[in-house]
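Me: Please take me through one part of this model up close, in plain words. I'm in my first year, so explain each term when it turns up.

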Amino acid sequence: MGKERFPIVLLIGRPAAGKSELIDFLKKTPVEERLKRFGIGEFEEIDDFVYVWDTFENDDILAKHGKERLLTDDKYYFKDHFVWNLFIEKINLAYQKRVAESKNYHETKTSVIEFARGGSNGFEEAFSYLSDDILSKAVVIYIKVSYNESCRRNDKRKRKNLEHSILFHSLPQEKMDFYYKENDWDNLTKNDPDYIHFKNYKIPYVEFVNEPEKTDDVVKIGNHLEEITAKLKSKA
């Protein structure tokens, strides 16, 4: 078995797959239980949705004062594909700062890094921008749902005036189709059922199968998460 606690968990998947719900479950689970069952005791989250939303708000403020929007158009599409990688670099910086503030950071804490990607090489490209410091310590939990299920849940969680919320943000269907209809997860993992081979790293991964939905039931979440993190511990 691997280490008692995971230093870094990359929690990834399609939009509305259940990533935020899983993190909400972890936050509500006592620390000692989390560590024993899932290998995650104290943890800090880095979610690139925060950077996405800041980008929208910054451009709105600029437009309000007659300035040019920098990174998004007036329908909130990114002007340049590289913006997705900018968010990964922001993740790298956030992680770097936390480690710099405490040289023994991972003796007590796990970093849970959350993001969604779409496109023919979306996850592979995101991994290519993650720092070596992250890749060398990471395990991956991929929340697996179909595209149709992702769309259904995206629409279900929508709450008016809570578009900024981690739990209740959603995308218009045309953006789901544009950014997320394609997905490269299966291609990224097709050659090995246990590890993502990237650069010089073997990154352990598991899939949290969330269709039918488990993240609407705390018992189902806990049981499945315990099952798959046990597998991760054996690989790490």
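Reply: Let's start with a term: a helix here is a DSSP run of H or I with at least four residues, a strand is a run of E with at least two, and both are numbered from the N terminus. By that rule C151 sits in helix α8, so C151 is our spot for the close look.

A quick word on the ground rules. This is a predicted model, where local features need pLDDT of at least 70 and side-chain atom pairs count only at pLDDT 80 or more, while totals for chains, interfaces and linings use all residues. Residues are numbered from 1 along each chain as its sequence is written, and side-chain values use heavy atoms, with hydrogens and water left out.

Now back to C151. Its relative accessibility is 10%, which means it counts as buried (buried is under 20% relative accessible area, exposed over 50%, partly exposed in between, with a 1.4 Å probe and protein chains only). C151 has company: helix α8 covers residues 147–156, and its buried residues are Y147, E149, S150, C151, R153 and N154.

What do these buried residues pack against? That would be α9, residues 173–180. C151 has contacts of its own too (a contact is heavy atoms within 4.5 Å): leaving aside neighbours within four places in sequence, it touches Q173 and M176. There's also a long jump along the chain to notice: P15 is 136 residues away from C151 in sequence, yet their C-alpha atoms are separated by 7.9 Å.

Let's zoom out to see where this fits. The chain has eleven helices and six strands, and 50% of its 236 residues are buried, just like C151. Jumps along the sequence turn up across the chain as well: among contacts between residues at least 6 apart in sequence, 72% join residues at least 24 apart. Seen as a box along the principal axes, the C-alpha atoms fill roughly 55 × 40 × 35 Å. The radius of gyration (taken over C-alpha atoms; the globule rule is 2.2 Å times the number of residues to the power 0.38) is 18 Å, which agrees with the value near 18 Å for a compact globule of 236 residues.
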